[in-house]
Amino acid sequence: MRREPPRTIADYAPLAFPAIMLIVFFVVPFSTMIAVSFFRRQQGGFYTPDFVIDNYGRFLSAFFGGVLGFSLALAIMVAVICVGIAFPFTYLLTKTSRRVQIVWLVCLLSVLSLSEVIIGFAWSTLLSRTAGITNLLVAAGLMSEPQALLPGFGAVLTGMVYQALPYTILMLYPALVRLDTTLLEAARTLGASPLRGFINIIVPTLRNTIIATLIMVFVFALGSYLLPQILGRPQHWTLSVLITDQAIYQSNMPFAAAMAVFLVLISLALVGLTLLAGGRREATA
Amino acid sequence: MKELHKTAISRRKILAAGAAGAGMLAMPSILRAQDRSLKVGVYGGYFKDSFDENIFPEFTKASGIEVESVAEPTGEAWLVQLEQAARAGQAPADLSMMSQTSTLKGQETELWTPLDPTKIGNYDDLLEHFIAKYPDGRVAGIGAVAWYITLVTNTDVYPEAPDSWAVLWDPANEDKLGLLALVSNSFLLEVTAKTFMGGTDALDTEEGQLEAFEKLAEVKPNVRLWYRDEAQFEQALKSGEIPMGQYYHDVTGLAAADGFPVRSTFPKEGGIQDSGNWVLSRASDKVEEAHVFIDYMSQPEIQSLMSRKVGTAPTLERDKLDLTDEEFAAVSSDIDPIIPRYDLYTSKSDWLNQKWTEMIVG
């Protein structure tokens with residue numbers, strides 16, 4: 001099939017639908033949010049159209065800086081752990097028979113049908129002292145008495161990794177399935193061990209996929225606000241939790257909007273930096 | 001072609017349904033022009049269901065006034081809607097159940113039609129804090145429903161009931177408490193002030209508020225869970241995972257009645273009493289009907305009925321009611337309650353919220 005450059009307006013028509021969707025579901029809401037973030041807050045749930053920067057001023061403090069830093073670090077950790085687990089797993093999965101692959105993928109898809117609330121409550125039970133997994137360890141004689149594994153950072157991380165892992169695998173699967181096996185065969189013929197082949201050949205070949213997956217999981221984890229509340233202590237609450245507090249419980253829309261805009265800008269900047277770094281390495285390679 | 005055909009039919013159906021719907025909407029209003037009616041906003045969910053089932057039909061029977069109940073969201077969203085509608089001369093509901101903080105905020109814009117105490121038979125028997133007044137003494141709202149937040153414990157872990165809020169500070173309870181996560185719904189500043197600072201008046205000044213924050217910060221090592229979602233704590237309390245905390249008195253009573261090892265205690269400093277008012281939007285012309293409704297709702301029999309059926313604390317003095325001791329204890333207590341400082345949550349809400357968040361997160 002030959003591609004021809006579009007000439008008439010009609011040739012651009014297929015673009016109209018995605019463009020409208022983008023405008024309706026992204027540009028308009030996001031612009032509204034930016035506008036609201038400059039409105040004047042009136043204590044008591046109302047706000048008036050205005051142009052003030054107080055909302056951003058309030059955000060620029062050591063306290064919110066700390067919360068933002070924690071949220072970003074948590075999202076990065078979730079992304080790295082997810083890809084770290086999912087990449088070898090998905091690679092091994094693609095080596096199995098088609099039947100086994102289908103069973104695994106269906107199971108993973110079914111995990112996606114669980115809502116964040118169910119995942120949160122399930123893990124809070126699993127990690128509890130009264131009904132949790134430590135009871136099994138006690139029964140097996142490995143521990144002297146059951147322990148509560150939550151609330152804590154480990155619990156938050158576990159829950160979020162569990163939630164993001166299926167997405168990660170589904171992102172990596174298509175690329176790994178289509179991977180040219182002759183590359184690895186060539187490496188093996190030249191004397192590389194399977195592990196060395198995996199690290200030196202497969203990982204670099206799929207670098208772009210890995211970076212894209214990292215970014216996707218990072219953005220996905222950044223928006224999490226329920227799991228940190230259910231599984232963590234207040235110091236593990238992400239910026240999204242505080243945004244929810246302001247928007248829903250304090251009716252402070254301007255401040256919530258300002259925080260959200262800030263979060264979007266910071267994450268866009270991080271994504272941009274990652275892409276930039278990836279692109280530069282590609283240029284020098 | 002087949003698809004087009006299908007669309008045509010469904011469109012016609014929609015038009016027909018729309019016309020029928022419009023007719024249905026229009027007709028009752030013609031009927032009601034002769035009959036008397038009242039739109040009443042109640043918190044959606046449990047309250048609305050209970051009122052629709054137990055309270056409103058009885059009222060219509062007694063007064064001949066038809067009640068159309070409107071589900072309203074909790075929090076301030078409903079206040080904002082009423083305010084904006086009133087500016088346009090509309091009233092999405094004539095009477096609404098309104099939280100104390102929102103009642104105060106509505107007063108600032110004169111959103112509530114002043115009520116006439118002489119038209120409410122039991123006005124003098126209402127507990128004083130169930131009458132919301134404008135600064136000049138006009139009545140802005142009358143207590144609608146009230147409930148308590150008390151000290152709750154798991155009876156397996158604590159065989160003896162605690163008797164004071166001070167146990168929250170006891171180092172022996174490290175990592176054992178579940179408390180509400182927001183300054184404006186946990187009312188822990190008031191608890192601190194009543195328990196250690198001689199009363200909630202201590203919160204009048206900023207120094208007093210800061211002192212309460214400082215004292216309250218000492219509780220942090222004992223807190224395992226700061227909850228927004230009730231189910232989260234209720235489950236943990238029942239299982240003993242988090243064996244102590246603050247929770248709703250009525251719900252804890254129901255759980256205990258179901259056989260769970262939990263108990264609700266009114267500490268000697270009092271339980272926290274939160275409540276909602278009946279307020280009348282200034283855009284409503286149903287002033288007469290609204291007074292009939294509030295008069296009806298403030299009768300001892302109806303307050304008793306609500307305590308039995310809905311589980312709310314009565315707004316009238318105890319000796320006017322025909323509740324048995326057991327029925328009364330299920331919803332209330334004779335111990336002087338801790339009344340939240342709602343005024344602070346209108347005048348200083350952002351400052352308090354910021355200090356609170358820094359305290360528990362930091």
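Over residues 28–33 of chain B, pLDDT stays under 50, and the model has 2 contacts beyond four places in sequence for this stretch. The structure is a predicted model, and a passage of this kind calls for care. Where pLDDT is low, the predicted coordinates should not be read in detail. A second such stretch is residues 1–9 of chain B, where pLDDT also stays under 50 and the model has 0 contacts beyond four places in sequence. Helix H1 of chain B, residues 2–34, has the lowest mean pLDDT among the elements of that chain, at 49. At the other end of the range is helix H6 of chain B, residues 188–196, whose mean of 95 is the highest. For chain B as a whole the mean pLDDT is 87, and 90% of its residues reach 70 or more. The scores for the model are ipTM 0.80 and pTM 0.79.

Chain B can be read next by its strands. Strand E1, residues 36–43, runs parallel to strand E2, residues 65–72, and 8 bridges join these two strands of chain B. One residue pair shows where they meet: B:Ser37 has B:Glu66 as its bridge partner in E2(B). What does the chain form with E1(B), helix H2 and E2(B)? Together with helix H2 of chain B, residues 46–63, the two strands make a right-handed β-α-β unit.

The next level is that of domains. The domain assignment divides chain B into domain 1, made of 36–146 and 274–331, and domain 2, made of 149–273 and 337–361. Each domain is therefore assigned from two separate pieces of the chain. The C-alpha centres of domain 1 and domain 2 of chain B are 27 Å apart. Where the two domains touch, 12 residues of domain 1 of chain B are in contact with 11 residues of domain 2 of chain B. On the domain 1 side, the elements giving two or more residues are helix H4 (100–108), strand E10 (272–280) and helix H12 (325–331) of chain B. H4(B) gives the most to this side, with 4 residues. By type, the residues on the domain 1 side are 5 nonpolar, 5 polar and 2 charged.

After H4 of chain B comes a loop that leads to strand E4 (131–133), and B:Glu110 lies in this loop. Most residues other than glycine have a negative phi, and most peptide bonds are trans. B:Glu110 has a positive phi, near 55°, although this residue is not glycine.

Chain B also touches chain A. Each chain brings 22 residues to the contact. On the chain B side, at least two residues each come from helix H3 (77–87), strand E7 (223–227), helix H8 (230–239) and helix H14 (349–361). Which element of chain B gives the most to this side? H14(B) does, with 7 residues. The chain B side divides into 7 nonpolar, 8 polar and 7 charged residues.

For chain A, the UniProt record offers some labels. An unreviewed entry places the feature "domain: ABC transmembrane type-1" at residues 68–274 of chain A. In the model, that span is 77% helix and 0% strand, with its end C-alpha atoms 19 Å apart. The unreviewed UniProt entry also gives the annotation "transmembrane region" to several spans of chain A, including residues 59–90 and 206–227. Residues 59–90 of chain A are 94% helix and 0% strand, and the end C-alpha atoms are 41 Å apart. Residues 206–227 of chain A are 82% helix and 0% strand, and their end C-alpha atoms lie 31 Å apart.

A last detail of chain A concerns the backbone. The peptide bond from A:Leu150 to A:Pro151 is cis, with omega near 0°. A:Pro151 is placed in the loop between helix H6 (134–139) and helix H7 (153–177) of chain A.

Notes
Residues numbered from 1 in each chain as written. Chains lettered and ligands numbered in written order. Predicted model: local features only at pLDDT ≥ 70, side-chain atom pairs only at ≥ 80, totals over all residues. Contact = placed C-beta atoms within 7 Å. Nonpolar A, V, L, I, M, F, W, Y, C, P; charged D, E, K, R; others polar. Pairing = 2+ DSSP bridges. Right-handed = clockwise from strand over helix to strand, strands pointing away. UniProt positions renumbered as here; feature names shortened; annotations may be inferred. pLDDT = per-residue confidence, 0-100.
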